[in-house]
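This report walks a new reader through a few places in the structure shown below. It takes up secondary structure, burial, cysteines and surface in turn.

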Amino acid sequence: MAYLRNAWYVAAWGHEVARVLRPRTLLDEPVLLYRQLDGKPVAIADRCPHRFAPLHLGQLIGDTVECGYHGLKFDCSGACVENPHGDQRIPSAARVRAYPLVEQDGLVWIWMGDPARADASEVPEYRHLADPAFKTIGNVMLQQANYQLVVDNLMDLTHVNFLHAPYQKTDELLVAPHDVTQTGHTLDSRRTIPSTRAPQSFTPFLADPAAPVSYWLDMHWRAPGACQLEVGVTPVGQPRTAGILRRGTHIVTPATDTTTHYFYASSRNYLLDDPKADQETTNWQQVGFHEQDKPMLEAVQQRMGTTDLDSLKPVLLSSDLAAIRVRRILKDLIADEASGHADRLPADSLLTQDA
């Protein structure tokens, strides 16, 4: 599968990378993650160039990785620094790829493309993950579905009225104005319902659960798979700052053509030190993401097989506007990268309802 390679992807949550050898497949490449003695995260290819043994089956010795098959040792740059055999000469080809990493906001970002083009200033910001004004609960899962299907699910939030109906349904959502704005290779999808009943996921935390509220859902996407969702409710006629909200972190990284690492978190601005609210968040993430989204997306993948979406000629609805636009932006970026015009990004534009 063709991936956008000159881009930042999440390789792991920061707490997942420790003084152990953690293997993870990213963009069909076997990657090995660990931390140096000074705490800096490292990513190298998880395949010894000698007999192609997975390096994670070896051991971490200081800041070097010793292959568990024949004992070659590799440093953080991917260079072989020790050959215990014969004259102990190190062949010039005895090295593995090292990947640029940036640890920021509790996430470890990896650059899978040309290392010379890795610019740390371009790493997406998720400051709310470490902001004391929010309480964050999150995790990661592996979905047996293509990463673009996961992004489709995030960009068309009307599915919450059906797949997540018991705790998220709001009748007016399906007919609410949908504003979609593209800026370069980012896209914003916004829905606001001026007056409605609060979704069930918010009512336990409202002073008057029956009072009408203004309800908003704002999704921001950045290529290739970094999404940030803000959902909130506020008393009708009051500014958003008077209400309660959750900022959702939803970041997808392809593992293979049909599997995806899905990094998710919910950051709330209410009941920051309430264990019951923490548990409530964990509960709906388990139900919504693991028991509802995951099996549905995996079932879709099974029905599609390895055929791409366009070839199947899907019926399109007005609610598909953001998801289809994201696919087109990403397709253009991948094509530009393959043709050598990777610096050319889509022109800024305000979208119409024509997907």
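Helices (H or I, at least four residues) and strands (E, at least two) are DSSP runs, numbered from the N terminus. The model is a predicted one, in which local features need pLDDT of at least 70 and side-chain atom pairs count only at pLDDT 80 or more, while totals for chains, interfaces and linings use all residues. Residues are numbered from 1 along each chain as its sequence is written, and side-chain values use heavy atoms, with hydrogens and water left out.

Leu174 sits in the loop that runs between helix H2 (165–168) and strand S12 (178–183). Two other loop residues can be placed in a similar manner: Met112 lies between strand S10 (107–111) and strand S11 (135–143), and Pro239 lies between strand S15 (226–235) and strand S16 (244–256).

How far each residue is covered is described with three words: buried means under 20% relative accessible area, exposed over 50%, and partly exposed in between (1.4 Å probe, protein chains only). The table gives this value for several residues.

| Residue | Relative accessible area | Class |
|---|---|---|
| Cys48 | 1% | buried |
| Met112 | 2% | buried |
| Cys80 | 8% | buried |
| Leu174 | 42% | partly exposed |
| Pro239 | 46% | partly exposed |

Leu174 also belongs, with Phe162 and Val175, to a nonpolar surface patch whose accessible area together is about 360 Å². Such areas come from the Shrake-Rupley method with a 1.4 Å probe, and for residues only the protein chains shown count as cover. Patches are made of residues with over 30% relative accessible area and no salt bridge, like charges being joined within 9 Å and nonpolar side chains (Val, Leu, Ile, Met, Phe, Trp, Tyr) within 5 Å; a salt bridge is a side-chain nitrogen of Lys or Arg within 4 Å of a carboxyl oxygen of Asp or Glu.

Helix H1 (residues 147–155) is largely enclosed by the rest of the structure, because nine of its nine residues are buried. Among them are Tyr147, Asp152 and Met155.

Buried Met112 touches residues that include Arg5, Tyr9, Leu26 and Arg97, leaving aside those up to four places away in sequence, where contact means heavy atoms within 4.5 Å.

Why does the structure hold zero disulfides? A disulfide is a pair of cysteine sulfur atoms within 2.5 Å. The sulfur of Cys48 has its closest cysteine sulfur in Cys67, at 3.9 Å, which is too far for a bond, and the sulfur of Cys80 has its closest one in Cys48, at 7.6 Å, again too far.
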